[in-house]
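Here is a set of short exercises to work through with the model open beside you. Try each task before you read its solution.

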Amino acid sequence: MSRRQILWLTVATVLAVVVAYQVIASANRPSEFIAQADIPTVAPGVDVLADVAEIPDRVRGYDYRRAAFGDAWTDDTTAPGGHNGCDTRNDILNRDLIDKTYVAIARCPNAVATGVLRDPYTNATVAFTRGEGTGAAVQIDHIVPLALAWDLGARDWTEQMRIRFANDPANLIAVAGQANQDKGDSQPAVWMPPNEAFRCQYAMQYIAVLRGYRLPVDAPSARVLRDAAHTCPPG
């Protein structure tokens with residue numbers, strides 16, 4: 001994994017505080033993404049899920065609908081170049097891919113035309129070429145899936161907060177298309193990245209999003225996340 005991906009995928013504890021205040025106290029400001037340059041560390045004896053409410057298990061809500069989180073992507077992000085006419089997907093591709101070339105499309109003057117993804121979920125190297133039937137090789141995953149967030153409490157949010165959540169760069173990551181399909185809307189108790197070396201970062205980012213948006217964690221996933229955090233370097 002490139003250092004640039006680590007910069008974006010490793011979340012400091014302060015992220016949870018920043019996001020929590022922004023999504024609750026300021027409906028008009030996009031949430032910020034604050035990251036550290038190093039792989040997250042966990043001090044011995046620290047409970048990484050402190051202050052995250054725990055529920056016995058996920059109760060799937062069959063009333064979930066993708067439209068509750070707004071259109072697929074907006075331009076209201078704090079990813080690099082946000083508010084530049086490029087939607088969130090294009091901004092995240094630009095953030096996470098390397099060896100890129102660009103093309104102007106619609107209102108987005110610098111959309112990634114080709115690039116390379118070093119997939120954190122599988123550790124595979126995936127070539128990206130924009131186009132129908134080719135661009136799907138790289139997809140944008142919600143680390144905490146939208147349907148899962150709905151089940152954990154997002155059904156009670158305002159529409160504006162759900163749109164913010166769906167486009168928050170702190171909850172988004174470019175991954176191999178097949179890995180994204182394999183994950184679906186699964187919680188950590190059901191699915192974790194096959195690349196075990198990435199599980200520390202995945203768990204810490206997942207927890208930061210839960211804490212930031214005041215979402216609970218199901219008890220089976222809490223055990224998996226704590227186990228993954230134990231693989232992080234000691235702080």
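**Exercise 1. Sort the residues of strand β4 (residues 125–129) into a covered face and an uncovered one.**

Step 1. Start with the general rule: side chains in a regular strand alternate between the two faces of the sheet.
Step 2. On β4, V126 and F128 make up the covered face.
Step 3. T125, A127 and T129 belong to the uncovered face. Strands here are DSSP runs of E with at least two residues, helices are runs of H or I with at least four, and both are numbered from the N terminus.

A word on the source: this is a predicted model, in which local features need pLDDT of at least 70 and side-chain atom pairs count only at pLDDT 80 or more, while totals for chains, interfaces and linings use all residues. Residues are numbered from 1 along each chain as its sequence is written, and side-chain values use heavy atoms, with hydrogens and water left out.

**Exercise 2. Work out the order of the strands in the open sheet that contains β4, and find its edges.**

Step 1. Pair the strands, where a pair needs at least two DSSP bridges between the two strands. β3 and β4 run antiparallel and are joined by five bridges, with G115 opposite F128 of β4.
Step 2. Look at the connection: β3 and β4 form a hairpin with six residues between them, and N123 in the turn has a positive phi of about 70°.
Step 3. Add the next partner. β2 and β3 are also antiparallel, with five bridges, and V103 stands opposite A111 in β3.
Step 4. Put the pairs together: the three strands have the order β2-β3-β4. β2 (98–105) and β4 each have a single partner strand, so they stand at the edges and one side of each has no neighbour in the sheet.
Step 5. Finish with the angle: neighbouring strands are turned by 25° against each other on average, direction ignored (axes are lines fitted to C-alpha atoms, for helices over the stretch in contact, and angles run from 0 to 180 degrees between N-to-C directions).

**Exercise 3. Find the disulfides, and say which parts of the chain each one ties together.**

Step 1. Recall that a disulfide is a covalent bond between the sulfur atoms of two cysteines. The search looks for cysteine sulfur atoms within 2.5 Å of each other, and the structure holds two such pairs.
Step 2. Take C86 and C108, with sulfur atoms 1.9 Å apart. C86 lies in the loop between β1 and α3 and C108 in strand β3 (residues 108–118), so the bond ties together parts 22 residues apart in sequence. The S-S torsion is about 85°, so this disulfide is right-handed.
Step 3. Take C200 and C232, with sulfur atoms 2.0 Å apart. C200 is in helix α7 (residues 199–212) and C232 in the segment after α8 (219–229), so this pair ties together parts 32 residues apart. The torsion here is about 110°, so this disulfide is right-handed.
Step 4. Check the surroundings. C86 and C108 are both buried (under 20% relative accessible area; exposed is over 50%, partly exposed in between, using a 1.4 Å probe and protein chains only). C200 is buried at 4%, and C232 at 7%.
Step 5. Counting bonded cysteines along the chain, write the pattern as 1-2, 3-4.

**Exercise 4. Are the partners in the salt bridge of K183 and D141 buried or exposed?**

Step 1. Apply the cut-off: a side-chain nitrogen of Lys or Arg within 4 Å of a carboxyl oxygen of Asp or Glu. The whole structure has eight salt bridges.
Step 2. In the pair K183 and D141, the closest N and O atoms are 2.8 Å apart. K183 belongs to helix α6 (residues 177–183) and D141 to strand β5 (residues 138–142), 42 residues apart.
Step 3. Read off the accessibility: K183 is buried at 1%, and D141 is buried at 3%.
Step 4. Set another pair beside it: D63 and R155 form a salt bridge at 3.1 Å, N to O. D63 is partly exposed at 43%, and R155 is partly exposed at 30%.

**Exercise 5. Which residues touch the most other members of the largest nonpolar core?**

Step 1. Build the core from buried Ala, Val, Leu, Ile, Met, Phe, Trp, Tyr and Cys residues joined through side-chain atoms within 4.5 Å.
Step 2. Among its 53 residues, the answer is Y121 and F165. Helix α7 gives the most to this core, with eight residues.
Step 3. List partners of F165, leaving aside neighbours within four places in sequence: its contacts (heavy atoms within 4.5 Å) include F69, V144, W157, V209 and L215.
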